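Open the model in your viewer and keep the sequence panel beside it, since this tour moves from one selection to the next. At each stop, select what is named and compare the picture with the description.

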Amino acid sequence: MRRRSIFDIQTVTRTAIVLAVVALLVCCIPEPELHLFDGGDIDTELPVVDLDLETYWDYDFETEYDVDVTWKDEWYYGWDDEDIRIFGQIGYTEPSTLQLRRYFTGSEPYANHTSVLAHTVTGNHFRATYNWGFWDILTWNDIYTPDGVQSLNFDEQSSLDSVTAYTNQSMFHTRYNAPEFTHSFYQPEELFSAYEQAIEINRDLRGFEYDPVRNVYVKKLNMVLEPITYIYLTQVIIHNNRNRITGTDGQGNLSGFGRTTVVNNGIAGPDVITVYFNNRFKPNCMKGEELVDIIGGRMLTFGIVGQNMNRIKKRDEVLDKVPHYLDVTMLFNNGMDSTFVFDVTEKVRRRWRGGVITVELDMDTVRIPTRKGGSAFDAVVKDFEEETHEFEM
């Protein structure tokens, strides 16, 4: 079973300092007054990420393999220093800075947002003044990239009731979502979010706990900072290569995912796109007792359209009518190149919140192209055990 990390958020309401000092000197009363000034000073302990792929990708594959396996049992490509340099760490990384948005809804819980207070928070605590009444709090991680180039964009202007994350189209053409989108989209960076509504900061401190050490009242909330972009590790395992495929142009595409996601609820938008990512050719890898060549990569996506992948518990709940294709351009020893297209629809649906996508290619069944042009032919490939189909462009 997958574990979800639950984090306490402590909301602290303090008395006015002068009143507290007078009370201690005259009466030696340790507890603060219950009725405070018209507003509260809040110290909030923010959630942090505590995820590893072992638990997050804890799918039940027993019916498929008849044995209990993890993603590491499926992953033959490995992850060396060069992969880290090109793609980053293989799993999720804990953010150090958060974006936080506060929405005051007055005396009405779950009301529409009419204004927003925006903050950037470094560390685990955030302190501000709150009016009495109901508040909604939204937080997501600040984006960091080694080269300073960020693909994620955030739309906070279209509606105060939600924030939408999206990426833009790349320079690379795609055949899958035309004519609406003629190019693939850049993959998003890692994105985590947490959203809590109807947080009541009331005058008589209902639902608060008293902390005698700090002489304050504390209100505890539960928020889950969880990923709303999903990691896929792709690997094309090449059998019987014998140096016929010598590399890749480093470009890959995976189709059939949402173009946007709502940061508040993690639901991917309705527009279907293809996601562009980078890959790498790695020769002489071991798969069991066989020596194979592998083209591998790491890609992030907003997930399958119309759903929050974190809310799905089993394969039958995946509502997906869009096919998913993985394409990889391979370089041959005669100087030619060709784009191979693999149908990975069922593999993606079985790994709805990310995981290893494996396809296998037997080079004894593939004819080496004899023309240049970037895509001399498409090899629409099923699994390794099945027939490989080719056709000339």
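Begin by selecting Phe-154 together with Ala-165, because Ala-165 in strand 8 is the bridge partner of Phe-154, where helices (H or I, at least four residues) and strands (E, at least two) are DSSP runs numbered from the N terminus. This is a predicted model, in which local features need pLDDT of at least 70 and side-chain atom pairs count only at pLDDT 80 or more, while totals for chains, interfaces and linings use all residues. Residues are numbered from 1 along each chain as its sequence is written, and side-chain values use heavy atoms, with hydrogens and water left out.

**First stop: a sheet of three strands**

Widen the selection to strand 7 and strand 8 (residues 164-166), which pair in the antiparallel sense over three bridges; two strands are said to pair if DSSP finds at least two bridges between them. These strands belong to an open sheet of three strands with the order 7-8-17 and antiparallel pairing. Strand 7 (153-155) and strand 17 (260-262) are the edge strands, each pairing on one side only. On average, neighbouring strands of this sheet are turned by 25° against each other, direction ignored, with axes taken as lines fitted to C-alpha atoms.

**Second stop: a sheet of five strands**

Next, select the open sheet in which five strands follow the order 4-3-6-11-14 with antiparallel pairing. Its edge strands, each pairing on one side only, are strand 4 (117-122) and strand 14. Within this sheet, look at strand 6 (residues 133-141) and strand 11 (residues 192-201), which are joined in the antiparallel sense by seven bridges, and find Phe-134 opposite Glu-200 in strand 11. Then turn to strand 11 and strand 14, which run antiparallel and are joined by two bridges. Here Ser-193 stands opposite Glu-226 in strand 14, and Phe-192 stands opposite Pro-227 in strand 14. While you look at the side chains, remember that in a regular strand they alternate between the two faces of the sheet.

**Third stop: two threonines in loops**

Select Thr-229, which you will find in the loop between strand 14 (226-227) and strand 15 (230-239). Is Thr-229 buried or exposed? Thr-229 counts as buried because its relative accessibility is 0%, and buried means under 20% relative accessible area, exposed over 50%, and partly exposed in between (1.4 Å probe, protein chains only). Its side chain reaches the backbone nitrogen of Leu-191 at 3.0 Å. If residues up to four places away in sequence are not counted, Thr-229 touches several residues, including Tyr-92, Glu-189, Leu-191 and Phe-302, where contact means heavy atoms within 4.5 Å.

Now select Thr-145, which lies in the loop between strand 6 and strand 7 and counts as buried at 14% relative accessibility. The side chain of Thr-145 reaches the backbone oxygen of Val-149 at 3.1 Å. Residues up to four places away in sequence aside, Thr-145 touches Gln-150 and Glu-189.

**Fourth stop: the nonpolar cores**

A nonpolar core is a set of buried Ala, Val, Leu, Ile, Met, Phe, Trp, Tyr and Cys residues joined through side-chain atoms within 4.5 Å. In the largest one, which has 30 residues, select Trp-57, Trp-71, Trp-75, Tyr-92 and Leu-233, the residues with the most contacts inside it. Helix 2 (53-56), strand 11, strand 15 and strand 19 (290-301) are the elements that give two or more residues to this core, and strand 15 gives the most, with four residues. With neighbours within four places in sequence left aside, the contacts of Trp-57 include Trp-71, Ile-231 and Leu-233. Apart from this core lies another, of 27 residues, among them Phe-277, Met-330, Phe-342 and Leu-361.

**Fifth stop: Phe-332**

Select Phe-332 in strand 20 (residues 325-332), a residue that is buried, with a relative accessible area of 3%. Leaving aside neighbours within four places in sequence, Phe-332 is in contact with residues including Arg-244, Ile-245, Phe-340 and Met-363. Add Thr-370 to the selection: it is 38 residues from Phe-332 along the chain, and their C-alpha atoms are separated by 9.7 Å.

**Last stop: the whole chain**

Finally, show the full protein chain, which has six helices and 24 strands, and of whose 393 residues 52% are buried. Among contacts between residues at least 6 apart in sequence, 72% join residues at least 24 apart.

How values were computed:
Polar contact = N/O pair within 3.5 Å; in protein donor to acceptor, adjacent residues only side chain to side chain. Axes fitted to C-alpha atoms, helices over the stretch in contact; angles between N-to-C directions.
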